[in-house]
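Ready to get to know a new protein by working through a few exercises? Grab a pencil and take a look at what's below.

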Amino acid sequence: MVCGLAPIESGNIYWNGIPIHSQRESYRQDLCYLGHLNALQESMTVNENLSFSAALGGVAPSPIQTQEVLVRFGVGGRGQQLARHLSQGQKRRVALARLALSQARLWVLDEPFVAMDEAGVTMLADLIAGHLSQGGVAVLTSHQQVDIGSVPAQLLELRA
């Protein structure tokens with residue numbers, strides 16, 4: 001519902017004091033959604049995937065910025081490689097690299113720590129903590145407890 005992918009049964013979801021359905025375009029510019037699937041175009045290179053997703057958010061990163069992000073996410077040197085030739089872990093890192101190129105204030109992340117090794121979990125937690133410390137918002141699902149800096153989390157546990 002927060003991403004606009006499912007209808008709201010009752011009430012409203014507000015962003016900046018305005019219902020999201022009343023500001024679809026500006027809200028989408030402020031939203032970066034990463035689902036459980038990596039949403040990479042397999043026939044495009046890593047660089048093309050990142051450029052395309054950044055353009056959807058109104059951003060045009062330089063090749064240097066893109067390369068720095070890939071290095072930071074542990075997939076440096078893979079920019080010209082087709083996404084279909086990456087391992088699952090590499091695909092996940094490329095998908096998550098979108099966050100570092102995004103200017104969106106709201107990140108909605110579905111299981112972002114899945115298929116991540118300990119170094120990857122730490123790196124991603126630090127990235128989220130940095131986003132929060134700059135006034136950003138992160139809504140995420142996780143089956144594991146992860147320390148995300150000094151910003152206090154609001155935890156919602158769902159049980160059947």
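Here come some short exercises on this predicted model, each with a worked solution.

**Exercise 1.** Work out which secondary structure elements the protein chain has and how they are ordered.

*Solution.* Start with the tally: there are 5 helices and 5 strands. Next, walk along from the N terminus, and you'll read β-β-α-β-α-α-α-β-α-β.

**Exercise 2.** Check how the radius of gyration of the protein chain fits the value for a compact globule.

*Solution.* First, take the length, which is 160 residues. A compact globule with that many residues would come out near 15 Å. The protein chain has 16 Å, so the two agree. For another view, the C-alpha atoms fill a box of roughly 45 × 35 × 30 Å along the principal axes.

**Exercise 3.** Describe the surface and the charges of the protein chain.

*Solution.* Begin with burial: 38% of the 160 residues count as buried. Then turn to the outside, where about 9800 Å² is exposed, with carbon and sulfur atoms supplying 53% of that. Finally, look at the charges: 11 side chains are positive and 13 are negative, and the centres of the two sets sit 5 Å apart.

**Exercise 4.** Find Gly136 and decide: is Gly136 buried or exposed?

*Solution.* Look in the loop between α5 (118-133) and β5 (137-141), and there's Gly136. Its relative accessibility is 13%. Buried means under 20%, so Gly136 counts as buried. Now check its contacts: leaving out residues up to four places away in sequence, Gly136 touches Arg105 and His131. As for Arg72, it lies 64 residues from Gly136 in sequence and 20 Å away in space, C-alpha to C-alpha.

Technical notes: Residues are numbered from 1 along each chain as its sequence is written. This is a predicted model: local features need pLDDT of at least 70, side-chain atom pairs count only at pLDDT 80 or more; totals for chains, interfaces and linings use all residues. Side-chain values use heavy atoms; hydrogens and water are left out. Helices (H or I, at least four residues) and strands (E, at least two) are DSSP runs, numbered from the N terminus. The radius of gyration is taken over C-alpha atoms; the globule rule is 2.2 Å times the number of residues to the power 0.38. Buried means under 20% relative accessible area, exposed over 50%, partly exposed in between (1.4 Å probe, protein chains only). Accessible areas come from the Shrake-Rupley method with a 1.4 Å probe; for residues, only the protein chains shown count as cover. Lys and Arg count as positive and Asp and Glu as negative; His and the chain ends are not counted. The place of a charge is taken as NZ of Lys, CZ of Arg, CG of Asp or CD of Glu. Contact means heavy atoms within 4.5 Å.
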